[in-house]
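The following exercises concern salt bridges and side-chain exposure. Work through each task before reading its solution.

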Amino acid sequence: MKRLSCFLGMPAVLLLVAFCPVGCNGAGDDDTSSADDAGLSIDGGDDNDIDDDSGGGDDDTDDDTDDDTGDDDDDTSPACALPGGTAVHPMTAGVAVGGLYAPVGISIAGFAGRVGPDHPLAVTLGGSAGYIDRPDVKALTLDVGTRRIVIVRLPFVGVTELFHQKVLDRVCELTGVNLNGSLWLSATHTHSGPAHHMPVPPLISYTGTDTFEEAIAERMADSVARVIEASMESLEPAALDAQVFEPLRSRE
C-alpha cells in the first residue's frame, strides 16, 4: 500500500512542477521577497532557513530552538536530577547469618552417582554422614528509603527460579514485604551442599541433584526467608566505601 500511494501521488507532483516552474507568486520565489530562495532568506540575509535571529549572517552558529542574544549554540546540558525527582535517603544496612535446613542424612548434590549412607532423605544419591561446617545462609539488606535490595549467599550447587519464588513467597508471609525484583540469591556452587531443591525428572536425578522433594524445598526456603527477615530487622545507618589499589609495579 505504501508503494501504491507514492506512485499515485507522482502525477500530482509533476503537474504542480509543470504549472509553477519558477514560483507561483510571479516573482520567481515562494515567499514575500523577490530574491531567490536558493541561498537567500526573506530577511535579506544569506541564511537558508526560517530567519530566527536578528542578524543577516549564516544561522549555523545559532540554529537551536532557544534564541539567545549571543551567537553561540545553546548546547549547555541541563542540571542532572535524581530518578523520580526524590531526594536520596540515608542508607541503612542489615546483615544476618543463620543455618540452612539440611539435616544429617540428607543426600548431597553435585556429583553423579554419589555414594553414602542409606537414609530416608537420600533417594537416588547417597546420604550425608555429618558436618564439617554446618551449611549456613548469609543475608545483606541495603535500604535507601525509596528502594530496598537483599543479597543472599546460599551453600547450593545452583539456584532455580522455583526456589527463588518459594523464598519470595515465604518472605512475604513472614514480613509483608514484597521483594520481587529486589532479591538476589547467589549460590556458592558447592558440591557438598544439600540436594532435593532442584526440580528435575526422577530419571536423571542420579546425575547429581537427587529427586525433587516439595516438603524439603519448602523447609529450606523457610530457613532462608527467616535469615532475610533477621537482616531486615537489623537495619542500621551505613555507608558504602571503596578502596583504590595502586597497580603492581614491575620488578626492576
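Glu214 has a relative accessible area of 40% and is therefore partly exposed, a class that lies between buried (under 20%) and exposed (over 50%), with a 1.4 Å probe and protein chains only. The model is predicted, so local features need pLDDT of at least 70 and side-chain atom pairs pLDDT 80 or more, whereas totals for chains, interfaces and linings use all residues. Residues are numbered from 1 along each chain as its sequence is written, and side-chain values use heavy atoms, without hydrogens or water.

**Exercise 1.** Identify the salt-bridge partner of Glu214 and state which elements the pair ties together.

*Solution.* First, apply the criterion: a side-chain nitrogen of Lys or Arg within 4 Å of a carboxyl oxygen of Asp or Glu. Lys166 meets Glu214 at 2.4 Å, N to O. Next, locate both residues: Lys166 lies in helix H2 (residues 161-175) and Glu214 in helix H3 (residues 214-233), so parts 48 residues apart in sequence are tied together. Finally, Lys166 is buried, at 10% relative accessibility.

**Exercise 2.** Determine how Glu173 and Arg170 are placed in helix H2, and which network includes them.

*Solution.* The two residues form a salt bridge, with 2.8 Å between the closest N and O atoms. They are three residues apart in helix H2, so about one helical turn separates them. Glu173 is exposed at 57%, while Arg170 is partly exposed at 22%. Salt bridges link Arg170, Glu173, Asp222 and Arg226 in a network.

**Exercise 3.** How many salt bridges does the rule give?

*Solution.* The count is seven.

Definitions and conventions. Helix = DSSP H or I, 4+ residues; strand = E, 2+ residues; numbered from the N terminus.
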